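Here is a walk along one helix of a predicted model. Keep the sequence and the structure side by side as you read.

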Amino acid sequence: RAKAIQDRITELGQTFDKNVRDAGIQVAFAEAELRGVPEGVWKNAKRDAEGRVLLGLDYPTYGPVMDLAQSAAARERLWRAKQNEGGQANLKVLGEIAKLRLEYAQLFGFKSYADFTLRRRMAENTANAKRFLEEVRLAVTEREKREIDELREAKAKDTGKALADVKFERWDNAYY
């Protein structure tokens, strides 16, 4: 049974990767939304029926848009498309992988796949890993808050908005 589970997990991993690779997601942008992004990234890209630039989620495109596009809305649309790469099909794949990993760990007397995986590592078990992660969280929280405040200040200055009206979003990170 353990071999059958591992084989199925391998198969599901390949399916996951294929879903991401073959999704062919393209996000449409008006040229003005790509202000700040080097023309070499988008100038020769395909266009939709409305003349908008169609960009994929591959690194040579994704990185420069997230780093350089002045439009927060453009960055958000591309970021959301990347986060959903593989779509609902991959959520089902991940669900099945999680169930199989739990069954696999239980075959060997472990109550979770995390405990099974950590048994030969420095953390040894999930309790130790959680304790360590909590120590890290406590150590970095204040600095993280300060850094986010600095990034919010940069965004407020860039957008001309009052600091109180500015929320720093995940798609703002690379740009600021």
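A residue counts as buried when its relative accessible area is under 20%, and as exposed when that value is over 50%. Lys-155 has a relative accessible area of 12%, so it is buried. This lysine is found in helix H7.

What does the side chain of Lys-155 reach? Its partner is the backbone oxygen of Lys-167, at 2.8 Å. Leaving aside residues up to four places away in sequence, Lys-155 touches Val-166, Lys-167, Glu-169, Asp-172 and Tyr-176.

Lys-155 has buried company in H7: Thr-126, Ala-129, Thr-141, Leu-151, Arg-152 and Ala-156 are buried too. Helix H6, residues 113–118, is included in what covers the buried residues of H7.

Now turn to Leu-133. It is also found in H7, which spans residues 126–159. Is Leu-133 buried or exposed? Its relative accessibility is 54%, so it counts as exposed. Together with Phe-132, Val-136 and Val-140, Leu-133 makes a nonpolar surface patch of about 360 Å². An α-helix has 3.6 residues a turn, so residues three or four places apart point the same way.

Val-140 belongs to that patch, and it also marks a bend: H7 turns by about 40° there.

Finally, look at the two ends of H7. At the start, a side-chain oxygen of Asn-125 comes to within 3.1 Å of the backbone nitrogen of Ala-127. At the other end, Gly-160 follows the helix, and its phi is positive, near 75°.

Definitions and conventions: Residues numbered from 1 in each chain as written. Predicted model: local features only at pLDDT ≥ 70, side-chain atom pairs only at ≥ 80, totals over all residues. Heavy atoms only, no water. Patch = residues over 30% accessible without salt bridge, like charges linked within 9 Å, V, L, I, M, F, W, Y side chains within 5 Å. Areas by Shrake-Rupley, 256 points an atom, 1.4 Å probe, with all protein chains shown as cover. Salt bridge = Lys/Arg side-chain N within 4 Å of Asp/Glu carboxyl O. Helix = DSSP H or I, 4+ residues; strand = E, 2+ residues; numbered from the N terminus. Buried < 20%, exposed > 50% of the residue type's maximum accessible area, 1.4 Å probe, protein only. Bend = angle between axes of the 7 residues up to and from the residue. Contact = heavy atoms within 4.5 Å. Polar contact = N/O pair within 3.5 Å; in protein donor to acceptor, adjacent residues only side chain to side chain.
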